[in-house]
Amino acid sequence: MKKTILALDVYNFKKAEKLVKDTSEYIDIYKVGPILFLQSGKEIIKMIKDNGKEIFLDLKFHDIPATVKRSVESAKELGVYSLTVHSVGGEEMLKAAVSVENRPKIWAVTVLTSQATSPEEVIKRAKLSKFCGVDGVISSPLEIALIKKECGKDFQVVTPGIRPAKVDDDQKRVATPELAVKDGADFIVVGRPILEASNPAEAAKAIYESIKGL
Ligand SMILES: O=C(O)c1cc(=O)[nH]c(=O)n1[C@@H]1O[C@H](COP(=O)(O)O)[C@@H](O)[C@H]1O
């Protein structure tokens, strides 16, 4: 099973389309966030589907329950595989999000990987998310094993903060693809290590090869 989600954090459709075509052998799910969705909206969703791939819509909903529920309904109409909400939105908001029938998978952000935090805080938010019926959480590689232990192996853990090599950037809680997958990540989310590589296809392939047998 392929486990890598490529974050299409680029500004324009053409660039995103080239990335999808160049990396599709190694990637099954493409993440579309505000950077690209605000530029290309439904067009980008269609292009990814036309290439036979799934979409993770990462707009991180965090609002009053009624608005979040309607947002999930709209995302459902797009036919995406998964979407994000912020767990700090609380119990009522999370329950409103999951109450939509036949909806995409819902992943709740625990604590952003750009922030320092304690594992206890991440676990607290993961447990709340599970209790509310959310399908999984977004967490850093450092908390994967603990979340699986506390929330069960079927509770999905999706992990950004993936760095095949050490770099100094905004991500604070990081690990390599191998470590994240060995610890039990269901998916790893990778952006700049592929997007900014001199050859994105080669970078995607290297990550794919590094976790293939795990
Ligand atoms: O929800 C996310 O996907 C997310 C949550 C989080 O805590 N940290 C995080 O980095 N992300 C996303 O994961 C991707 C990571 O990209 P890179 O840091 O470039 O590999 C970005 O698109 C972020 O928006």
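A residue is counted here as buried if 20 or more other C-beta atoms lie within 10 Å of its own, with C-beta atoms placed from the backbone. With that in hand, strand S2 of this predicted model makes a pleasant starting point. Strand S2 spans residues 29–32, and all of Ile 29, Tyr 30, Lys 31 and Val 32 are buried. Ile 29 and Lys 31 point one way from the strand, while Tyr 30 and Val 32 point the other way. In a regular strand, side chains alternate between the two faces of the sheet.

Strand S2 has a parallel partner in strand S1 (residues 4–7), and the two are joined over 3 bridges. Within this pairing, Ile 29 of S2 stands opposite Ile 5. The connection from S1 to S2 passes through helix H1 (residues 13–23), giving a β-α-β crossover that is right-handed.

Strand S2 also pairs with strand S3 (residues 54–61), again in the parallel sense, over 4 bridges. Here Tyr 30 has Ile 55 in S3 as its bridge partner. Helix H2 (residues 34–50) carries the chain from S2 to S3, and this β-α-β crossover is right-handed.

Attention now turns to the ligand. The ligand is surrounded by 18 residues, of which Ala 7, Thr 113, Pro 160, Gly 191 and Arg 192 are the closest. By class, this shell comprises 9 nonpolar, 6 polar and 3 charged residues. At least two residues of the shell come from strand S8 (187–190), and helix H8 (192–195) likewise supplies at least two.

Key
Residues numbered from 1 in each chain as written. Predicted model: local features only at pLDDT ≥ 70, side-chain atom pairs only at ≥ 80, totals over all residues. Near = placed C-beta within 6 Å. Nonpolar A, V, L, I, M, F, W, Y, C, P; charged D, E, K, R; others polar. Buried ≥ 20, exposed ≤ 12 C-beta atoms within 10 Å, placed from the backbone. Pairing = 2+ DSSP bridges. Right-handed = clockwise from strand over helix to strand, strands pointing away.
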